[in-house]
Structures are given as structure tokens and as C-alpha cells.
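Please walk through the fold of this chain. Begin with how it is laid out overall, then turn to its interior, its pocket and a few individual residues.

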Amino acid sequence: DQNSKFLFPFLDLGIIPDMCAMYLLTQRVGLPEARRLFLLGTPLNVEGAQKNGLVDHVCAADQTQNEALALAEKLAKRYNPAMTFTKLHLNELGEMSFMESMKQEVFQQTLLWTTPEVRERTKAMLAKLAEKNQ
């Protein structure tokens with residue numbers, strides 16, 4: 001909803017940000033912005049949250065369930081092993097060097113290319129592209 005606000009009121013409560021909020025927010029928005037959000041407790045509107053990467057999509061409040069279901073359906077159509085590899089890799093990326101990341105990608109990609117599902121999806125996409133270009 002366009003009227004939503006995001007607030008980190010930890011210091012207003014006399015406590016520190018917990019549940020790795022300091023680490024995660026700093027990774028997402030950078031140290032200067034995380035510092036401002038935590039120390040000042042300034043509310044962030046939807047536009048600011050989108051700009052900072054805290055919100056991916058905004059919809060009307062009465063469309064939340066429909067939008068969430070549409071997103072869930074789209075994600076459910078993805079090939080589960082590829083989704084799993086991608087999510088794990090992204091979660092571990094901050095702890096890897098460039099070469100470690102490349103090695104992991106090559107290993108995972110090799111495993112995926114050996115599956116019938118990937119071959120079928122590739123054939124279907126190439127056929128769709130060929131049809132489109134005719």
C-alpha cells in the first residue's frame with residue numbers, strides 16, 4: 001500500500017536492533033543509510049523503501065492477496081533445483097571470492113544441464129523464439 005511506513009524504533013524503546021537487523025540492513029542499504037534509519041528512527045515511506053531495496057513491489061491494500069498469489073504461482077513454475085541453487089548461492093555470495101563463486105556456478109550449472117527438465121525447457125524456449133522470429 002502506498003501509505004505504508006517502515007520504521008526501526010529500537011532506540012525509541014531503549015534497545016538495540018536485534019535479529020541481525022544491523023547486519024542485514026547495512027548489507028541492503030549501505031552503512032550511511034542504515035545508520036540514519038537506526039539512529040534517528042526516521043520513518044521511511046514506500047518510495048524510500050523501494051529506492052533502498054527494502055520493497056520489491058507495491059500494490060493496493062485490497063490487491064495484496066491476489067498479487068501474492070500471482071507471484072507464488074510464477075515462482076512455483078521455476079525449476080526447483082535451479083531455484084534452490086540460486087537462493088543458496090546468493091545467500092553465500094558475501095562470503096565467497098569471485099573465483100569461488102565462479103567455481104560453484106560451473107559445478108551447479110553442470111549438474112543442471114544434465115537433467116531432462118533443463119533440456120526440455122531449453123528446447124521449448126528455442127522453439128518459441130524460432131516461432132516468434134518467423
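## Layout of the chain

Of the 134 residues in the chain, 20% are buried. The model is a predicted one. Its secondary structure consists of seven helices and two strands, arranged along the sequence as β-α-α-β-α-α-α-α-α. The chain is more spread out than a compact globule, because its radius of gyration is 20 Å, well over the 14 Å that the globule rule gives for 134 residues. Measures along the principal axes complete this description: the C-alpha trace spans about 60 × 40 × 25 Å. Among contacts with a separation of 6 or more, 54% join residues that are 24 or more positions apart.

The interior comes next. The largest nonpolar core holds 13 residues, and Phe-8, Leu-25, Ala-34, Leu-37 and Phe-38 are those with the most contacts inside it. Helices α1 (21-29), α2 (31-40) and α3 (46-51) each supply at least two residues of this core. For Ala-34, once its neighbours within four places in sequence are set aside, the contacts are Leu-25, Thr-26 and Val-29.

The start of the chain can be followed from Asp-1, which sits in the segment before β1. Its relative accessibility is 36%, so Asp-1 counts as partly exposed, between the 20% and 50% limits. Asp-1 and Val-46 are 45 residues apart in sequence, yet their C-alpha atoms are 7.9 Å apart in space. Val-46 is also one of the contacts of Asp-1, together with Val-58, Cys-59 and Ala-61, when neighbours within four places in sequence are left aside.

Further along, two residues stand out by their backbone angles. Met-19 is in the loop between β1 (5-6) and α1. Although Met-19 is not a glycine, its phi is positive, at about 55 degrees. Cys-20 has its place in the loop between β1 and α1, and it too is a non-glycine residue with a positive phi, here about 65 degrees. Are these residues buried or exposed? Met-19 has a relative accessible area of 73% and is therefore exposed. Cys-20, at 55% relative accessibility, also counts as exposed, because the cut-off for that class is over 50%.

The later helices bring in the pocket. Rolling a probe the size of a water molecule over the atoms shows where empty space is left. The largest pocket has a volume of about 370 Å³. Two elements, α5 and α7 (116-132), give two or more residues to its lining. Which of the elements gives the most? Helix α7 does, with four residues. The full lining is made up of Lys-77, Arg-78, Tyr-79, Ala-82, Met-83, Thr-86, Val-118, Arg-121, Thr-122 and Met-125. By class, these lining residues divide into five nonpolar, two polar and three charged.

Helix α5 also offers a residue to examine for burial. His-89 lies in this helix, which covers residues 80-92. With a relative accessibility of 7%, His-89 counts as buried, because the limit for that class is under 20%. What does His-89 touch, not counting residues up to four places away in sequence? Its partners are Met-96, Ser-101, Gln-104, Glu-105 and Gln-108.

Conventions: Residues numbered from 1 in each chain as written. Predicted model: local features only at pLDDT ≥ 70, side-chain atom pairs only at ≥ 80, totals over all residues. Heavy atoms only, no water. Buried < 20%, exposed > 50% of the residue type's maximum accessible area, 1.4 Å probe, protein only. Contact = heavy atoms within 4.5 Å. 1 Å grid on protein atoms, 1.4 Å probe; cavity = no way out; pocket = protein on both sides within 12 Å on 5 of 7 lines; lining within 4 Å. Points joined across faces, edges and corners; volume = space filled by probe spheres on them. Nonpolar A, V, L, I, M, F, W, Y, C, P; charged D, E, K, R; others polar. Core = buried A, V, L, I, M, F, W, Y, C linked by side-chain atoms within 4.5 Å. Rg over C-alpha atoms; globule rule 2.2 N^0.38 Å.
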